[in-house]
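Me: I've got a model open and I'd like to know where its labels come from. Can we go through them one at a time?

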Amino acid sequence: METEKPKLKGRQKSTNHGGKREGAGRKEGSKHMITVKGLMEAVEAKSGGENYTDILVQDFLDARSRKDTQLMMKYHQLILQKVLVNVSKIEITENQDAVQAKQLAFAEALSKLTAIAKD
């Protein structure tokens, strides 16, 4: 004799466990999303060849001459965010003397730890 499974109250348990929905996803032949390079090229083309950076600076100066403090603050944030991203990519290089000094210090520390002669 089989026991009857208890019925769920409220929501019924779904038998669909995911998978691809019909019509989901990007359509075949759809265009790619906007790229930064494409956007910059479009701005330059529509502005008569003016660079986006130059446009940004000019708009900032216009807001400043109008004493529009809210807009000036937005430009400050935008410009600083761009500058800070570039500044954070500073590369540090070392000359050969610094590398040799570090190698020697590491060898000395290692020999002290392991009691091995550094020669």
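**Labels and the values behind them**

Reply: Sure, starting with the surface: the protein chain has an accessible surface of about 12000 Å², and carbon and sulfur atoms account for 57% of that. Keep in mind that this is a predicted model.

Me: How do you know how far to trust the protein chain?

Reply: From the pLDDT: the average is 77, and 71% of the residues score at least 70. Among the elements, α2 has the highest confidence with 88, while α3 has the lowest with a mean of 79.

Me: What are the elements of the protein chain, from the N terminus on?

Reply: They run α-α-α-α. That's four helices and zero strands.

Me: Which residues make up the largest nonpolar core?

Reply: Five of them: L56, F60, A63, M72 and Y75. Two elements, α2 (52-65) and α3 (69-87), each give two or more residues to this core. The largest share, three residues, is from α2. As for burial across the protein chain, 6% of its 119 residues count as buried.

Me: Why is F60 called buried?

Reply: Buried means under 20% relative accessible area. F60 has 11%, so F60 is buried.

Me: And why does Y75 count as buried?

Reply: By that cut-off of under 20%, the 14% relative accessibility of Y75 is low enough, so Y75 counts as buried too.

Me: What makes F60 and Y75 an aromatic pair, and why is the pair called edge-to-face?

Reply: Two numbers settle this, because a pair of aromatic rings is described by the distance of the centres and the angle of the planes. The ring centres have to lie within 6.5 Å, and those of F60 and Y75 are 6.2 Å apart. Edge-to-face needs planes over 60 degrees apart, and here the angle is 70 degrees. So F60 and Y75 form an edge-to-face aromatic pair. The count by this rule is one aromatic pair.

Me: What makes this a link between distant parts of the chain?

Reply: F60 sits in helix α2 and Y75 in helix α3, 15 residues apart.

Me: Which residues is M72 in contact with, leaving aside neighbours within four places in sequence?

Reply: F60, A63 and R64. For contact, heavy atoms have to be within 4.5 Å.

Me: Why is K67 called exposed?

Reply: Exposed means over 50% relative accessible area; K67 has 67%, so K67 is exposed. K67 lies in the loop between α2 and α3.

Me: What is the phi of K67?

Reply: About 60 degrees, so a positive value, although K67 is not a glycine. Most residues other than glycine have a negative phi.

Terms used. Residues numbered from 1 in each chain as written. Predicted model: local features only at pLDDT ≥ 70, side-chain atom pairs only at ≥ 80, totals over all residues. Heavy atoms only, no water. Buried < 20%, exposed > 50% of the residue type's maximum accessible area, 1.4 Å probe, protein only. Areas by Shrake-Rupley, 256 points an atom, 1.4 Å probe, with all protein chains shown as cover. Core = buried A, V, L, I, M, F, W, Y, C linked by side-chain atoms within 4.5 Å. Phe/Tyr/Trp six-rings, centres within 6.5 Å; stacked < 30°, edge-to-face > 60°. pLDDT = per-residue confidence, 0-100.
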